[in-house]
Amino acid sequence: MTTVPIHGAGGVVPASTARPNPLNAVLAWEARAEAAVKASLQRWSIPALRVALGAVFLVFGALKFLPGVSPVEALVSRTWEKLTFGLVSGQAALVATAVIEVAAGALLIAGGAFARVGLVVLALAFVGILSPIVLLPAEVFGPVGPTLTGQYIFKNVVLIAAALVVASRVLRGPARR
């Protein structure tokens, strides 16, 4: 027979008659709930991040197809002009950027092998997105820190981190031996 010490009762009582501790019940319920949330997050968070990242690029890329709609039209044009030594600028630069960003977004949203290709396209897009830091520093940095344009560019660090997390899930590992 199992006994449980009862403090203040002067002895022991059989375990079957001991009262359950409500705090332990709450803690056990919390642990089960936390485990369920974690399992759900492990299953859905990275696919959700992949789709959200794709949607951001799809929408921002689509804006560049429409003249006068994207707030970064001039920056995109000047960046392409510098990157291509004057060969591409103006509307051609906007259309090229729009195609790259929309393609990356659509491929990420599609998932599977498409997402792997989308990550490569996205890596190319990030080169262009970050290049004004080097190519157009006067537009990125003001006398006391980043300009509004610079802040617009630097927020892409979060998108790059998101892309790395997505890549950790969708890229295939090394071949097994």
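What percentage of the 177 residues of the protein count as buried? In this predicted model, the share is 26%. The legends below present the whole chain and then several close-up views.

**Figure 1. Overview of the protein, with eight helices and four strands.** Along the sequence, these elements follow the pattern β-β-α-α-α-α-α-α-β-β-α-α. The accessible surface of the protein comes to about 11,400 Å², and 71% of that surface belongs to carbon and sulfur atoms. Among contacts with a separation of 6 or more, 58% are made by residues 24 or more positions apart.

**Figure 2. The largest nonpolar core, a set of 18 residues.** In soluble globular proteins, nonpolar side chains tend to be buried together. Within this core, the residues with the most contacts are Leu53, Phe57, Leu108, Leu119, Leu122, Phe126 and Ala163. At least two core residues come from each of the helices α1, α3 (90-110), α4 (112-130) and α8 (156-170). Helix α4 contributes the most, with seven residues. A second core, separate from this one, has eight residues, including Val76, Ala93, Leu136 and Ile153.

**Figure 3. The surroundings of Leu108, a residue of the largest nonpolar core.** When residues up to four places away in sequence are not counted, Leu108 touches Arg50, Leu53, Gly54, Ala115, Gly118, Leu119, Leu122 and Val166. Of these neighbours, Leu53, Leu119 and Leu122 are, like Leu108, listed among the residues with the most contacts inside the core.

**Figure 4. The aromatic pair of Phe57 and Phe126.** A search of the whole structure finds two aromatic pairs, and this view shows the edge-to-face pair of Phe57 and Phe126. The ring centres are 5.6 Å apart, with 90 degrees between the planes. Phe57 belongs to helix α1 and Phe126 to helix α4, so the pair ties together parts that are 69 residues apart in sequence. Phe57 is buried, because its relative accessible area of 4% is under 20%. Phe126 is likewise buried, with a relative accessible area of 9%.

**Figure 5. The aromatic pair of Phe141 and Phe154.** The ring centres of Phe141 and Phe154 lie 5.8 Å apart and the planes meet at 50 degrees, so this pair is tilted. Phe141 is in strand β3 (residues 141-142) and Phe154 in helix α7 (residues 148-154), and the two are 13 residues apart. Phe141 counts as partly exposed, at 38% relative accessibility. Phe154 is also partly exposed, with a relative accessible area of 29%.

**Figure 6. Tyr152 in helix α7 and its contacts.** Tyr152 touches Phe60 and Val72, when residues up to four places away in sequence are left out. Although Tyr152 and Val72 are 80 residues apart along the chain, their C-alpha atoms are separated by 9.2 Å. Tyr152 counts as partly exposed, at 26% relative accessibility.

**Figure 7. A nonpolar patch on the surface.** The patch is formed by Val51, Val56, Leu58, Val59, Phe60 and Ile109, which together have about 410 Å² of accessible area. Helix α1 (residues 22-63) supplies the largest share of the patch, five residues. One of the patch residues, Val59, is found in helix α1. Val59 is partly exposed because its relative accessible area, 48%, falls between the 20% and 50% cut-offs.

Note on methods:
Residues are numbered from 1 along each chain as its sequence is written. This is a predicted model: local features need pLDDT of at least 70, side-chain atom pairs count only at pLDDT 80 or more; totals for chains, interfaces and linings use all residues. Side-chain values use heavy atoms; hydrogens and water are left out. Patches are made of residues with over 30% relative accessible area and no salt bridge: like charges are joined within 9 Å, nonpolar side chains (Val, Leu, Ile, Met, Phe, Trp, Tyr) within 5 Å. Accessible areas come from the Shrake-Rupley method with a 1.4 Å probe; for residues, only the protein chains shown count as cover. A salt bridge is a side-chain nitrogen of Lys or Arg within 4 Å of a carboxyl oxygen of Asp or Glu. Buried means under 20% relative accessible area, exposed over 50%, partly exposed in between (1.4 Å probe, protein chains only). A nonpolar core is a set of buried Ala, Val, Leu, Ile, Met, Phe, Trp, Tyr and Cys residues joined through side-chain atoms within 4.5 Å. Contact means heavy atoms within 4.5 Å. Rings of Phe, Tyr and Trp (its six-membered ring) pair if their centres lie within 6.5 Å; planes under 30 degrees apart count as stacked, over 60 as edge-to-face and the rest as tilted.
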